[in-house]
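Me: I have a structure open and would like to learn how to read it. Can we go through it feature by feature?

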Amino acid sequence: MPSDRLPTGIASVDRLLGGGLETDAVTELYGEGGSGKTLFCLEVAARVARASRWVFYVDTEGVSLERLRSIGGADFARILGRLLLSAPKSLDEQGRAVATACALARGGRRDVGLLVLDSATNYYRLSLSSPDEDDAREALALQVADLVVTARTLGLAVLLTHQVWRNPRDGTLEPLGGSFLNHAAKTILRFDRRDGARRAVVLVKHRARPAGTAEFRITSTGLESTGPG
Ligand code: GTP
Ligand code: MG
């Protein structure tokens, strides 16, 4: 397994990604509501924190600590002890939270293993079709640029989630945020709902891996690989 990968612990996804998340780049997750993006972020965060590395987690959705408790089990307290959680309430606050997380990571006082921004486009979405839309897009682009540079300089895995919109031209689901965000991410994963607790992760873009699909299941204690891999 390449050392420049951060295993997610979900075998099918790690296989799809050639060992795990790239550690010097931004990985973008997009998909409809309930497709598992947040659970995926929590699962990887728990794994990193369990290994005593810090996770900086910027949460705009009101992350469920109960969910993290289910994933963490007996290690919940230890995981919380390595989690720096911020919960911005606006795009401006999100900008400050991202800047702080990047600065702290670059400060080097903590061994940071993962930075999460979930969701990057929650507040941006509120500005769509308003007079603030251009400013909001620019603010978001600056945040993402900071994340890209931080990932690259520190060799840090960054997870960034996006909500989706349905393209009226062909009915496909596309990530919010436009082409800038898609260029900023070196890996793009689409999360699809299947029956019941089943979900699929489609590798849409990667620097070094062929396109493909992995499957997992949502269980009471986290995400469980169902193949291939
Ligand atoms: P948005 O943030 O709305 O875009 O969705 P998401 O893609 O982040 O989905 P999320 O990861 O929050 O949820 C994935 C699925 O997990 C949903 O279908 C929920 O119903 C399910 N889920 C949430 N909490 C639990 C739980 O405690 N137990 C089980 N079994 N499933 C849960
Ligand atoms: Mg979510």
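Reply: Start with ligand 1. A residue is near a molecule if one of its heavy atoms lies within 4 Å of it. Here 13 residues surround ligand 1, and the closest are G34, K37, T38, E61 and R199. Two notes on the basis: this is a predicted model, where local features need pLDDT of at least 70, side-chain atom pairs count only at pLDDT 80 or more, and totals for chains, interfaces and linings use all residues. Residues are numbered from 1 along each chain as its sequence is written, chains are lettered from A and ligands numbered from 1 in the order in which they are written, and side-chain values use heavy atoms, with hydrogens and water left out.

Me: Which element gives the largest share of the shell around ligand 1?

Reply: Helices (H or I, at least four residues) and strands (E, at least two) are DSSP runs, numbered from the N terminus. The largest share, 3 residues, comes from α2.

Me: How many residues of the shell are nonpolar, polar and charged?

Reply: Ala, Val, Leu, Ile, Met, Phe, Trp, Tyr, Cys and Pro count as nonpolar; Asp, Glu, Lys and Arg count as charged; the others, Gly among them, are polar. The shell divides into 2 nonpolar, 5 polar and 6 charged residues.

Me: What polar atoms lie by the oxygen atoms of ligand 1?

Reply: A polar contact is a pair of N or O atoms within 3.5 Å. An N or O atom in the side chain of K37 is 2.7 Å from an oxygen atom of ligand 1. For a polar side-chain atom of T38 the distance is 2.8 Å. A polar backbone atom of S35 lies 3.2 Å from an oxygen atom of the ligand. On its own, ligand 1 has 670 Å² of accessible area, and the protein covers 60% of that. Such areas come from the Shrake-Rupley method with a 1.4 Å probe.

Me: Which protein donors does the magnesium ion have?

Reply: Donors are N, O and S atoms within 2.8 Å of the metal (3.2 Å for Na, K and Ca); water is not among the atoms, so sites may look incomplete. For the magnesium ion, ligand 2, the protein donors are T38 (OG1) and E61 (OE), at 2.0 to 2.4 Å. They link distant parts of the chain, 23 residues apart: T38 is in helix α2, E61 in the loop between β4 and α3.

Me: Are T38 and E61 buried or exposed?

Reply: Buried means under 20% relative accessible area, exposed over 50%, partly exposed in between. T38 has 23% relative accessibility, so it counts as partly exposed. E61, at 35%, is also partly exposed.

Me: How many aromatic pairs are there?

Reply: Rings of Phe, Tyr and Trp (its six-membered ring) pair if their centres lie within 6.5 Å; planes under 30 degrees apart count as stacked, over 60 as edge-to-face and the rest as tilted. The structure holds 2 pairs. F40 and F191 are edge-to-face, 5.4 Å centre to centre with 75° between the planes. F40 sits in helix α2 and F191 in strand β10, 151 residues apart. The rings of F191 and F216 have centres 6.1 Å apart and planes at 65°, so this pair is edge-to-face. Ring pairs link F40, F191 and F216 into a cluster.

Me: What should I look for in the backbone?

Reply: Most residues other than glycine have a negative phi, and most peptide bonds are trans. The bond from D118 to S119 is cis, with omega near -5°. Phi of S52 is near 70°, a positive value.

Key:
Buried means under 20% relative accessible area, exposed over 50%, partly exposed in between (1.4 Å probe, protein chains only). A polar contact is a pair of N or O atoms within 3.5 Å; within protein, one must be able to donate a hydrogen and the other to accept it, and residues adjacent in sequence count only if both atoms are side-chain atoms.
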